[in-house]
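Please walk through this structure with attention to its side-chain contacts, its core and its cysteines.

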Amino acid sequence: MFRLWAKEFKDNRMLRDTTICDDSDETRTHKVFHALEEVCYVFDLGKPIWLEHNIEEFKRVDKTRFRSDNFIDGIEFDYLEIHVIEED
């Protein structure tokens, strides 16, 4: 089971969160991208752009934050944090 936890924060308070589960036989990278796509659908957001610091942070600690510079459209929160909480 692969699970990714996504949270929206504004002023150091969590606005909303969701957990995406994936039991498919896809690669870890595909699971992360599919989960992030599902998060964006649930939260009604445009897909964030992965910048170099996001990739490095995610590789290091399985967690990263997408701020306003990661989104093409404006956002009404400070950042979106994703965190892998369970892997096969």
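Which side chain does a polar contact of 3.0 Å join to that of Thr-64? In this predicted model, the partner is the side chain of Asn-54. A polar contact of 2.8 Å also joins the side chains of Thr-64 and Glu-57. Thr-64 lies in strand S3, which covers residues 63–66, and counts as buried because its relative accessibility is 0%. Leaving aside residues up to four places away in sequence, Thr-64 touches Trp-50, Asn-54, Glu-57, Phe-58, Leu-80, Glu-81 and Ile-82.

Two of those neighbours, Leu-80 and Ile-82, lead to the nonpolar core. The largest such core has 19 residues, and Leu-80 and Ile-82 are among those with the most contacts inside it, together with Leu-4, Ala-6, Val-39, Leu-45 and Phe-71. Strand S1 (2–10), helix H1 (28–43) and strand S4 (79–86) are the elements that give two or more residues to this core. Helix H1 gives the most, with six residues. Phe-71 touches Leu-45 and Leu-80, as well as Gly-46, Lys-47, Pro-48, Phe-66 and Phe-77, again not counting residues up to four places away in sequence.

The cysteines remain. A search of the whole structure finds zero disulfides. For Cys-21, the nearest cysteine sulfur is that of Cys-40, 17 Å away, whereas a disulfide needs the two sulfur atoms within 2.5 Å, so this pair does not qualify. Their surroundings can be stated separately. Cys-21 counts as partly exposed because its relative accessibility is 47%. Cys-40, at 3% relative accessibility, counts as buried.

Conventions
Residues are numbered from 1 along each chain as its sequence is written. This is a predicted model: local features need pLDDT of at least 70, side-chain atom pairs count only at pLDDT 80 or more; totals for chains, interfaces and linings use all residues. Side-chain values use heavy atoms; hydrogens and water are left out. Buried means under 20% relative accessible area, exposed over 50%, partly exposed in between (1.4 Å probe, protein chains only). A nonpolar core is a set of buried Ala, Val, Leu, Ile, Met, Phe, Trp, Tyr and Cys residues joined through side-chain atoms within 4.5 Å. Helices (H or I, at least four residues) and strands (E, at least two) are DSSP runs, numbered from the N terminus. Contact means heavy atoms within 4.5 Å. A polar contact is a pair of N or O atoms within 3.5 Å; within protein, one must be able to donate a hydrogen and the other to accept it, and residues adjacent in sequence count only if both atoms are side-chain atoms.
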